[in-house]
Amino acid sequence: KPITALEHASAVLVFNSDLPSEFTVAVNAIRKGAIHAGTDIIIANPRKVVFKNEAKTDIRLTFNYGADLALINRICKILLEKKIVDEAKIKVAVPNLGDFVRSLSLYTAEYAEKITGLKDDLLIRSAERIGKNGDKFILCGNDVIENAQGEQVLNALLNLATMIHYG
């Protein structure tokens, strides 16, 4: 979709990006969406990035360095456990969904909090926002690519995107 579609998004997850310095056009579209469409903004980054906006829902997930996978996988697990997404619909698009669900067993609330440094209620709020109906976007930044686990993080983000798209 074109960048201008961000202006109509229901939710945007900005993962490991200092978006204002990496992609100013996207920032303007997200800000416009927050004002006119009520776009929820979730920023997940171990650094305290500045992103001024008018969103009614502005969730900051400032997680511990190296906890990228735990954060993404915990959100995926919450989406399934809380039935925020429809597992049956996802299974049609993802034949090995059972294997994926089993791979999330490690990501309990306690484990994720220990690794990420984030309370589970904040992750639940984030999952509820990114999992709600509407057009949702996940934007990832240079920090994902430069991460030692970059490929694994990208795959986890793709899993999350698949869940919120089909579910």
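Both faces of strand 1 are covered in this predicted model. On one side lie A11, L13 and F15, on the other V12 and V14, and every one of these residues is buried. This arrangement fits a familiar pattern: in a regular strand the side chains alternate between the two faces of the sheet. With five of its five residues buried, strand 1 (residues 11–15) is largely enclosed by the rest of the structure.

A good place to look next is the sheet around this strand. Four strands form an open sheet in the order 3-2-1-4, and their pairing is parallel. Strand 3 (58–61) and strand 4 sit at the edges, where each pairs on one side only. On average, neighbouring strands of the sheet are turned by 10° against each other, direction ignored. Strands of a sheet pair through backbone hydrogen bonds, either parallel or antiparallel. Strand 1 pairs with strand 2 (residues 40–44) in the parallel sense, over five bridges. Five bridges also join strand 1 to strand 4 (residues 136–140), and these two strands run parallel. A11 illustrates both pairings: its bridge partner in strand 2 is D40, while in strand 4 its partner is K136. Further along strand 1, V14 has L139 as its bridge partner in strand 4.

V14 deserves a closer look as a member of strand 1. Its relative accessibility is 2%, so V14 counts as buried, the limit being under 20%. Neighbours within four places in sequence aside, V14 is in contact with L19, I30, I42, I43, A44 and L139. L139 thus appears both among these contacts and as the bridge partner of V14 in strand 4. A29 lies 15 residues from V14 in sequence, and the C-alpha atoms of the two are 13 Å apart in space.

Beyond the end of strand 1, the chain enters the loop that leads to helix 1, and N16 is found in this loop. Most residues other than glycine have a negative phi, and most peptide bonds are trans. N16 has a positive phi of about 50° although it is not a glycine. At 2% relative accessibility, N16 counts as buried. A second positive phi belongs to K83, where the value is near 55°, again in a residue other than glycine. K83 lies in the loop between helix 3 and helix 4 (87–93). What is the relative accessible area of K83, and is the residue buried or exposed? The area is 66%, so K83 is exposed; N16, by contrast, is buried. S21, in helix 1 (residues 19–22), is exposed as well, with a relative accessible area of 56%. The C-alpha atoms of S21 and V49 are separated by 9.8 Å, although their positions lie 28 residues apart along the chain when counted as a separation in sequence.

Attention now turns to the helices that meet the sheet. Helix 7 lies across strand 1, strand 2, strand 3 and strand 4, and runs at about 130° to strand 3. Helix 3 also packs on the sheet, where it touches strand 1, strand 2 and strand 3. The direction of helix 3 makes about 160° with that of strand 1.

Helix 3 and helix 7 also meet each other. Helix 3 (residues 68–81) packs against helix 7 (residues 120–131) at an angle of about 70°, and their axes are 9 Å apart. That angle makes the two helices roughly perpendicular. Their crossing is right-handed. Helix 3 contributes L71, R74, I75, I78 and L79, which meet D120, L123, I124, S126, A127, I130 and G131 of helix 7. Sorted by class, this contact has eight nonpolar, two polar and two charged residues.

How does the packing of helix 3 with helix 9 (residues 150–166) look, and what is the angle? The angle is about 20°, with the axes 9 Å apart, which makes helix 3 roughly parallel to helix 9. The crossing of these helices is left-handed. From helix 3, the contact draws on D68, L69, I72, N73, I75, C76, L79 and L80, and from helix 9 on Q152, V153, A156, L157, L160, M163 and I164. These residues divide into 12 nonpolar, two polar and one charged. I75 and L79 of helix 3 take part in the contact with helix 9 and also in the contact with helix 7.

Conventions:
Residues are numbered from 1 along each chain as its sequence is written. This is a predicted model: local features need pLDDT of at least 70, side-chain atom pairs count only at pLDDT 80 or more; totals for chains, interfaces and linings use all residues. Side-chain values use heavy atoms; hydrogens and water are left out. Buried means under 20% relative accessible area, exposed over 50%, partly exposed in between (1.4 Å probe, protein chains only). Two strands pair if DSSP finds at least two bridges between them. Axes are lines fitted to C-alpha atoms, for helices over the stretch in contact, and angles run from 0 to 180 degrees between N-to-C directions. Angles under 35 degrees count as roughly parallel, over 145 as roughly antiparallel, 65 to 115 as roughly perpendicular and the rest as oblique. A crossing is left-handed if the near helix is turned anticlockwise from the far one by less than a right angle, and right-handed if clockwise. Contact means heavy atoms within 4.5 Å. Ala, Val, Leu, Ile, Met, Phe, Trp, Tyr, Cys and Pro count as nonpolar, Asp, Glu, Lys and Arg as charged, and the others, Gly among them, as polar.
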